[in-house]
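The following report describes the fold, the packing and the local backbone features of a single protein chain, together with the confidence that can be attached to them.

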Amino acid sequence: MATATHPAGNKPSIGRGVEPLRAGKGHSFLLRKLHSLSGIVPIGAFLVEHILSNFEALKGPAAYAAQVKFLNSLPLVRVLEWGFIFLPLAYHALYGVYIALRGKSNVVYYPWAGNWMYMTQRWTGYIAFVYIIQHVLRQRFLGDSLPEHPGMAFHKVQVELANPWMLAVYIIAMIAVCWHFSYGVWLFAAKWGITPGNTARKRFAYVCAAAGIILCGLGLASLYAFVGPNFKNAPEDVTPSSGIVLVAPSVSRA
């Protein structure tokens, strides 16, 4: 059988080709890990605190004002607000949008559960991104300043939710944010090796789903406190009650 030979000293030329991907090479790996971690701590922790704090609205305007006053009286509260809420949130949101825009949904060709979850996570992230921007601007930086006037907190939210369109936005955003967070916790556990194997991931998925439903239920109940009949037409300003408030790590905004 004939074999191919090459003249002595002449080696066949080999094209460079495409360099293989290596996990952890460059900055992308670190940035993605930081993005995943920031979604749990501090952003996820703040989301849980925020929903629990807003749940105080079910006790009335005075109790809600007391919660806002307590959170804004924490030591170094502005450092906590910017260092553990605004800056991490900005990084997580902007880098998350960057990742989502570079990805490609293939549910049309591969309609599997994992692809649908990926697409849903991406779109709930977009919803959360737009909602959080307007929410922070309207409730934290525009209109009455709640850190200086916590007694106005209930009325300010109530006025905003009196608009049916804005109420619909809040309801949709609450569902989207809770979904995004609960599935994000599941992804975090899978990516960081906390739930190795399909069985562990399947079981943890039920835990994350239950936690997301509970958080969403608490959030929607808080919205009802502002639009329901119990505290209709709340005063513009109230004196914060002296009742027990939730212990939380950072400032609350409606």
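## Helix α6 and its surroundings

In this predicted model, the buried residues of helix α6 are A153, F154, K156, V157, Q158, E160 and L161, so that the helix, which spans residues 153-161, is mostly covered, with seven of its nine residues buried. The protein as a whole holds eight helices and zero strands, and of its 254 residues, 40% are buried. Among contacts between residues at least 6 apart in sequence, 78% join residues that are at least 24 apart.

The largest nonpolar core has 17 residues, of which A57, Y64, F154, L161, Y170 and F226 touch the most other members. At least two residues of this core are supplied by each of α3 (61-72), α6, α7 and α8 (198-227), and the largest share, four residues, comes from α6. Leaving aside residues up to four places away in sequence, F226 touches A57, Y64, F154, V157, Q158 and L161. Another core, of eleven residues, lies apart from the largest one and includes A128, M174, F181 and V185.

How do α3 and α6 pack, and at what angle? Their axes are 8 Å apart and form an angle of about 110 degrees, and because angles of 65 to 115 degrees count as roughly perpendicular, α3 is described as roughly perpendicular to α6. Where the two helices meet, P61, Y64 and V68 come from α3, and A153, F154 and V157 from α6.

## Cysteines

The structure holds zero disulfides. For C216, the closest cysteine sulfur is that of C178, at 4.6 Å, which is too far for a bond, because a disulfide calls for cysteine sulfur atoms within 2.5 Å. C216 is itself buried, with a relative accessible area of 13%, and C208 is likewise buried, with a relative accessible area of 7%.

## Local backbone features

The peptide bond from V41 to P42 is cis, with omega near 10 degrees, and P42 lies in the loop between α1 and α2 (43-54). Positive phi values in residues other than glycine occur at L76 and at N233, and both are set out in the table.

| Residue | Phi | Place | Relative accessible area |
|---|---|---|---|
| L76 | near 50 degrees | loop between α3 and α4 (77-102) | 64%, exposed |
| N233 | near 55 degrees | segment after α8 | 66%, exposed |

## Confidence

The mean pLDDT of the protein is 83, and 80% of its residues reach 70 or more. Confidence is lowest in helix α1 (residues 28-40), at a mean of 87, and highest in helix α7 (residues 164-191), at 95. Over residues 14-24 the pLDDT stays under 50, and for this stretch the model has two contacts beyond four places in sequence. The pLDDT is also below 50 over residues 243-254, a stretch that nevertheless has 51 contacts in the model beyond near neighbours in sequence. Where pLDDT is low, the predicted coordinates should not be read in detail.

Notes: Residues numbered from 1 in each chain as written. Predicted model: local features only at pLDDT ≥ 70, side-chain atom pairs only at ≥ 80, totals over all residues. Heavy atoms only, no water. pLDDT = per-residue confidence, 0-100. Contact = heavy atoms within 4.5 Å. Buried < 20%, exposed > 50% of the residue type's maximum accessible area, 1.4 Å probe, protein only. Core = buried A, V, L, I, M, F, W, Y, C linked by side-chain atoms within 4.5 Å. Axes fitted to C-alpha atoms, helices over the stretch in contact; angles between N-to-C directions. Parallel < 35°, antiparallel > 145°, perpendicular 65-115°, else oblique.
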